[in-house]
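Please describe how this protein chain is put together. Start with its helices and sheets, then turn to its nonpolar cores.

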Amino acid sequence: MGHADVRLLDQPFDAAAEIAAFTAAHASAGGVVSFIGQVRADDGAEAVESLELRHYGPLTLPAMEELAARVLERWAIDGLLVLHRSGVMTPGDPIVLVAAASRHRREAFAAADFAMDHLKSESWFWKREEVAGAWRWVEPRAQDYEDIARWS
């Protein structure tokens, strides 16, 4: 069974450096798949100026670690990296990084996809956006629930 590196961060992270370190640590893997979710830089009247993620500390990291354990049980992967930010971020800032390393690419793709779908749908975060100087809470989308349903 592979190893998981799961971190909940309240400061910015360098996604490229994290992917490089993860890839180097899993040099025997035949495939490394990564996904970076970042604060969207929308154009027009609905432009997001800031994004804030809040969470309940005693629940969030343990739940993320439990998700990582489920991924490691389900797929034959060498390693899993899950980084998630909290706090206030601006357009272009990375929010989440999920990477999976495995002997064969399909396992890595599936593991990363599953982890990301579950992070998004079983979110332990409250999200709000600042648009035109006003903050508004963001609710989960129907698509998030459809994405997670396909894994049942």
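## Helices, sheets and cores

Helix α1 (residues 15–25) lies across β1, β2, β4 and β6. Its direction makes an angle of about 15° with β6. Contact here means heavy atoms within 4.5 Å. Helices (H or I, at least four residues) and strands (E, at least two) are DSSP runs, numbered from the N terminus. Axes are lines fitted to C-alpha atoms, for helices over the stretch in contact, and angles run from 0 to 180 degrees between N-to-C directions. Helix α2 lies across β1 and β4, running at about 155° to β1.

This is a predicted model: local features need pLDDT of at least 70, side-chain atom pairs count only at pLDDT 80 or more, and totals for chains, interfaces and linings use all residues. Residues are numbered from 1 along each chain as its sequence is written, and side-chain values use heavy atoms, with hydrogens and water left out.

Next come the sheets. Two strands pair if DSSP finds at least two bridges between them.

| Strand order | Pairing | Average turn between neighbours |
|---|---|---|
| β1-β4-β6-β2 | mixed | 5° |
| β5-β3-β7-β8 | antiparallel | 25°, direction ignored |

Take the mixed sheet. It is open and has four strands. β1 (3–9) and β2 (31–38) each have a single partner strand, so one side of each is left without a neighbour in the sheet. β4 and β6 run antiparallel and are joined by six bridges. Within that pair, G79 has A101 of β6 as its bridge partner.

The antiparallel sheet is open too, again with four strands. Its edge strands are β5 (87–89) and β8 (134–138), and each pairs on one side only. Five bridges link β7 and β8 in the antiparallel sense. V131 has A134 of β8 as its bridge partner.

Now the interior. A nonpolar core is a set of buried Ala, Val, Leu, Ile, Met, Phe, Trp, Tyr and Cys residues joined through side-chain atoms within 4.5 Å. Buried means under 20% relative accessible area (1.4 Å probe, protein chains only).

The largest nonpolar core has 33 residues. V71, W75, L80, V98 and L119 have the most contacts inside it. Elements giving two or more residues to this core include α2 (57–74), β4 (79–85) and β6 (94–102). Its largest share, eight residues, comes from α3. Another core, of 11 residues, lies apart from it, with L9, A29, L81 and A99 among them.

Methods
Buried < 20%, exposed > 50% of the residue type's maximum accessible area, 1.4 Å probe, protein only.
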